[in-house]
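Please look through the sequence and the structure shown below before reading the report that follows. The text moves from the parts of one chain to a single strand, and then to the other chain and the contact between the two.

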Amino acid sequence: MPPHAQLRFDRGTLCVDCTGTRIDELPNVLWDERTLGYRAPAHAGVAILERIAALGGTTARPLPWPETGIDSAQWTTPALRDYQATALGAWNAFGRRGVVVLPTGGGKTRIAVAAIAQAALPTAVLCPTRVLVEQWSRELARWYAGPIGIVGDGESRIEALTVFTYESAYRRMDTLGDRFALVVVDEVHNMGGGTRTEALEMMAAPMRLGLTATALDAEGAAAARLGALIGPVVCDVSLDDLLGTHLADFGVVRVSVRLSPSEERAYEAAYAPFGELRRAFARAHPQADWVDLQRALGSSAAGLAALRGFQRAAALASLPEAKRHQVTRLLSEHRDDKALVFAATVDDAYTLAHDNLIPVITAETSRAERAHLLSLYRDGAVRALVSARVLNEGIDVPDARIAILAGGSLGVREVVQRVGRVLRPSPGKRALVYELTTSGTIDDRRAEARRRLLVPRCAAFA
Amino acid sequence: MFPAALLSLEPAGGNTFVPRYLRSRDEVWVRRATSEMTDLTGMPRAHVDDAWACRVEPALRSFGAPRIAILGVKHVLDRACTWRVEARVDPRRIRDALFPIAARGGERAEILACASAALGVSPLDVDTGLFADRAGARVRAAASPEPTPSEVMLSYNLALVQGVLLRAERIRLDVSESVRPVVRYAKLRGLLASFDAVEEGWTRMHASGPLSLFRNTLKYGHALAGFFPTLTATPRYRLDALCRLEGRGVVVRIATGDPIPRTHALPREHDSAVERALARDLRRLSTTWSLERETTVLRAGTKLFFPDFALVRGQTRVLVEVVGYYTKEYLAQKKLALKGVGADRIIVCLDDALDCGDEGFADATVLRFRRRIDAARLLAVADSMGS
């Protein structure tokens, strides 16, 4: 008798019933003593289905994901550039599973919209921030005439096409994980290997598309997990491939500042205990890395105090008086351009906003105010915005030309994302990126380390 | 519920820990902390935080208080009061007026003067009020009334335990009385629970969620933490929570007698919407059947089952089970349990939305429903079984 399976969605998992084959040989299926039944994580549904089909068997309808849903007549399919069409083709060729890597400004959203329109099935879009939820729902509304649901940022409206924050998806997919056939994960590198990936585990959707400007390290555990839950990288377009054609050219100007004498004394005092312990640790453990050092220091009161001193020193170096003056000078110099200022921390962002009387957007900014400020910025009523991390990714600011990187600690990915904010092309545009560093401090050393990694990726950083 | 950084535990042998509760030994420094915080009323939050770190914390450390406990107490005290915005004009209004003016250019003083004229306040009010609604700029308002040291300690202890449970992957719970409300509440929170009879008078519950079969997950931490206050209302319990703290699995033990406040009364009824609607409908119908919520516990070997309720008329008792995602193996165990107690009348109410086949329930009377169980049909089935 050929196998016959039945899959029922149960709180982020599938209850599996099967005749005609050994059920525990199906992929990811385990016996659950608590309910005395077989169970699989929801994301494994498609693999089970394929296995049953390979054995010549059938699976009972309905499946744990919708097979009909969106009326394709409600869609206007966007026109794609050649590299976007190639990316979509590659995703289709990989069975509609996989990650597309495209630089910021390269039109990842447009590829996703084309993929959703092509599938014409209920779709969940997962975004890391509330700002992006709003932006996605606005963008989808340009191409889709039906209602668009939002879950997150104080809303909970489920539609065939619904945009979630990662956090809301994590909380809700145990009840909604059978409602979508396609899941699009924006800024997929942010999901990494963390708990938020459980949202993808709890979804039965067989089609999965990840979008990112900076792919994860292929050797890492996080990339392996995303590979299992979304699929492999199916297309990788570099920044250099698009600069000067589909993205604006840009130049990098480095501005080095010095600490004032009083800041220097405070910096040295805060940094010295850490520096001493670090040198001793490095002598004793030459192979150890930063994580090992933190763990070792965290285990003693003196080590903890040294770590706190290090953090104070880093904070001081990330926004000394001289950097504040430089930001003011640059904003004044580029008064007629639209500028984005990026700070290392939320507090630094507010300091710069207060210094220069410019709007600030952080996680503390309410949704209504954020929308208002972005609309003022788009209309040109304000010409500069400052942020710490919220504006790093995704937010669509078509004609910003100046990026001032006043501080940051998240490494290469953060720099690439921030620079990407000013690369949306427009006729005759050449973007300018100012990188402010504090010489002789941690800030400077971090910038140098970033530069070494950035140059192979994009010549403009040389 | 405390964040991970505030969880303070003490070793209790092997891989087992107990929460480091605040007890009478801590009262002196908690009293001082409460009083210091009251003295900071009217100060901006950033100032309060600085004063706490530079002055209050060292003073409390001199009493021998652990740093993590001091931070936990501050967490409790911060939440016991309100933080108000202190500005002559709503900061949002200031920003709406100021930024477009500033974008036109000019000296800072001119910009502030221009905005202040538009808002009808002084330039200084504009400058100081610009971001006065930020968390760090808000001013501490007195709690009303200020919590007593013992209230602070109890709040701390509850937040500590709930913080631990928030990071629990699964729990093992032994309860000696009031088992039924605990069972009902666990079910309502969407936890997957199984029950065993252990030593005399004690029922053991293992609770987690479906996904925990495949991985160590903190997904059910919220449900487990939310479930805990119900437990404190039971006369005797002991709970082992398997938690993931700083990347490693540890067992945290909590039990009756721990200094945790009883914040909830034992819930009298905790049902799904379907069960609540059915109970209401049955009350409305004129019937000789009565609804009994505290049903017989069914036992198959050491496994225990808790039917949802029973319809009772004289000596006749029909058990009613509203079926979630159960399998034929589950029902077979339940039938065995029924036979074991000499009760063989059971109606299985099966939700059509679950798309369960009813072949597994061949020996039971199945009543299918969609959204709402038809009470009249249920009684008719019970009549036919009871006659």
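Into which domains is chain A divided? In this predicted model, chain A is divided into domain 1, domain 2, domain 3 and domain 4, with the bounds listed in the table, where domain 3 is written as two segments.

| Domain of chain A | Residues |
|---|---|
| domain 1 | 4-59 |
| domain 2 | 72-237 |
| domain 3 | 249-258 + 320-461 |
| domain 4 | 261-318 |

Between the C-alpha centres of domain 3 of chain A and domain 4 of chain A there is a distance of 28 Å. Where these two domains touch, domain 3 of chain A contributes nine residues and domain 4 of chain A contributes seven residues. On the side that belongs to domain 3 of chain A, the residues in this contact are three nonpolar, three polar and three charged.

Strand E17 of chain A, which spans residues 384-387, deserves a closer look. On which strands does E17(A) pair, and in what sense? With strand E15 of chain A (residues 339-342), E17(A) runs parallel and is joined by four bridges, and within this pairing Phe342(A) has Ser387(A) as its bridge partner. Strand E16 of chain A (residues 360-361) also pairs with E17(A) in the parallel sense, here over two bridges, and Ile361(A) is the residue that stands opposite Ser387(A). To get from E16(A) to E17(A), the chain passes through helix H14 of chain A (residues 367-379), and this β-α-β crossover is right-handed.

In a regular strand the side chains alternate between the two faces of the sheet. In E17(A), Ala384(A) and Val386(A) lie on one side, while Leu385(A) and Ser387(A) lie on the other, and since all of them are buried, both faces of the strand are covered.

Turning to chain B, there are twelve helices and 16 strands, and of its 387 residues 36% are buried. Among the contacts in chain B with a separation of 6 or more, 70% are between residues 24 or more positions apart.

How many residues of chain B are in contact with chain A? The contact brings together 33 residues of chain B and 31 residues of chain A. On the side of chain B, at least two residues each come from helix H4 (91-103), helix H5 (108-119), strand E6 (192-197) and helix H11 (328-340), and H4(B) gives the most, with seven residues. Sorted by class, this side of chain B holds 19 nonpolar, seven polar and seven charged residues.

Definitions and conventions. Residues are numbered from 1 along each chain as its sequence is written. Chains are lettered from A and ligands numbered from 1 in the order in which they are written. This is a predicted model: local features need pLDDT of at least 70, side-chain atom pairs count only at pLDDT 80 or more; totals for chains, interfaces and linings use all residues. A residue is buried if 20 or more other C-beta atoms lie within 10 Å of its own, exposed if 12 or fewer, and partly exposed in between; C-beta atoms are placed from the backbone. Two strands pair if DSSP finds at least two bridges between them. A crossover is right-handed if, with the strands pointing away from the viewer, the path from the first strand over the helix to the second runs clockwise. Domain bounds come from an automatic or database domain assignment. Ala, Val, Leu, Ile, Met, Phe, Trp, Tyr, Cys and Pro count as nonpolar, Asp, Glu, Lys and Arg as charged, and the others, Gly among them, as polar.
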